[in-house]
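Please explain how this structure is put together, taking the sheet and the helices in turn and ending with the charged side chains. A careful reading at the level of individual residues would be welcome.

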Amino acid sequence: DRDVTGVQTCALPISHDLTNSGAPRIVFDMVRVLTAAGHFVVVMSPADGFFREPLVESGATVIVESLLFNSPETVLDFARNFDRVIANTVTMLPLVLQLSPVVDVYWYIHESQLIADKFHGNPAFVRALSQAKQVWAISKRSLRYITQCTDDVRVVECGVDAPSFCPVDDEDGGQAERPAEFIIVGSY
């Protein structure tokens, strides 16, 4: 439902940084969808980077606060004014614990083996999973690790819907089609 201002809801995605890497790219895609649907979006991050400008161009307000993880009272006072917070990555554990009692927190977890290495068996991690409004896993692999601690997880995969053919200029200056080509680049 829309309120009198025409804004659907207010969302606060929080990212660990804004570099040109996977997790911030996911935040950018979320923001594009949310702003296109009429939501007011503010993105917070402790570190600036490549995605600041694209986020602003897509309609979000961006706040870079280096003390984001070290100033719990300030973050709590700010975040409670939003309809929902989207915690992006498992590293948001402290913020999920802090914010979930006062605002709906959606926790989008990208990691897999890191959960087993660093968070499995951690009571705070299990508590945060249960306190979040929803927990989203980026893949079936992430889901496998998260479900060792909770069954209440949804898979929200990222990706693109792409045509099987792409338009290209042919040698005569007209249009032709060629098979789409994808390059998948990852980091480890």
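Which strands does helix α6 lie across, and at about what angle does it run to β5? In this predicted model, helix α6, which spans residues 123–131, lies across β5 (104–109) and β6 (134–137), and its direction makes an angle of about 120 degrees with that of β5.

Those two strands belong to an open sheet of seven strands, arranged in the order β3-β2-β1-β4-β5-β6-β7 and paired in parallel. The edges of this sheet are taken by β3 (61–64) and β7 (154–155), each of which has a single partner strand, so that one side of each is left without a neighbour in the sheet.

Within the sheet, the pairings around β1 can be followed residue by residue. Strand β1, formed by residues 10–14, pairs in the parallel sense with strand β4, formed by residues 84–88, over four bridges, and it pairs in the parallel sense with strand β2, residues 40–45, over three bridges. Ala11 serves as a useful marker for both pairings, since it stands opposite Arg84 in β4 and also opposite Val41 in β2. Strand β1 is mostly covered, with four of its five residues buried.

On the other side of the pairing just described, β4 and β5 pair in the parallel sense over five bridges, and here Asn88 stands opposite Tyr108 in β5. Strand β5 is likewise mostly covered, five of its six residues being buried.The helices can be read against this sheet, beginning with α3. In helix α3, which covers residues 72–79, the buried residues are Val75, Leu76 and Ala79. Seen down the axis of α3, these buried residues fall within an arc of 100 degrees, and they therefore line one face of the helix. That face packs against β1, β4 and α4 (93–99) through the buried residues of α3, while Glu73 and Thr74 are exposed on the other side of the helix.

Helix α1 offers two residues whose surroundings repay a closer look. Leu34 lies in helix α1, and at 17% relative accessibility it counts as buried. Leaving aside its neighbours within four places in sequence, Leu34 is in contact with Ala11, His39, Val41 and Ile86; of these contacts, Ala11 and Val41 are the residues that stand opposite each other in the pairing of β1 with β2. Leu34 can also be placed relative to Gly59, from which it is separated by 25 residues in sequence and by 9.4 Å in space, C-alpha to C-alpha.

Thr35 is likewise placed in helix α1. Its side chain reaches the backbone oxygen of Ser58 at 2.9 Å, and, when residues up to four places away in sequence are not counted, Thr35 touches Val41, Ser58, Gly59 and Ala60. Val41 is therefore listed among the contacts of Leu34 as well as those of Thr35.

What remains is the charged side chains. Side chains of opposite charge can pair when their charged atoms come close. How many salt bridges does a search of the whole structure find? The search finds three.

One of the salt bridges joins Asp29 and Arg32, whose closest N and O atoms are 3.4 Å apart. The two residues are three places apart in helix α1 (residues 22–36), and are therefore separated by about one helical turn. An α-helix has 3.6 residues a turn, so residues three or four places apart point the same way. Asp29 is partly exposed, with a relative accessible area of 33%, and Arg32 is also partly exposed, with a value of 43%.

Another salt bridge is formed where the side chains of Asp48 and Arg52 meet, at 3.0 Å from N to O. Both partners are again partly exposed, Asp48 having a relative accessible area of 42% and Arg52 one of 30%.

The remaining salt bridge links Asp77 with Arg80, the closest N and O atoms being 3.4 Å apart. Asp77 is partly exposed, with a relative accessible area of 45%, and Arg80, at 41% relative accessibility, also counts as partly exposed.

Key
Residues are numbered from 1 along each chain as its sequence is written. This is a predicted model: local features need pLDDT of at least 70, side-chain atom pairs count only at pLDDT 80 or more; totals for chains, interfaces and linings use all residues. Side-chain values use heavy atoms; hydrogens and water are left out. A salt bridge is a side-chain nitrogen of Lys or Arg within 4 Å of a carboxyl oxygen of Asp or Glu. Buried means under 20% relative accessible area, exposed over 50%, partly exposed in between (1.4 Å probe, protein chains only). Two strands pair if DSSP finds at least two bridges between them. Contact means heavy atoms within 4.5 Å. Axes are lines fitted to C-alpha atoms, for helices over the stretch in contact, and angles run from 0 to 180 degrees between N-to-C directions. A polar contact is a pair of N or O atoms within 3.5 Å; within protein, one must be able to donate a hydrogen and the other to accept it, and residues adjacent in sequence count only if both atoms are side-chain atoms. The arc is that of the directions from the helix axis to the C-beta atoms.
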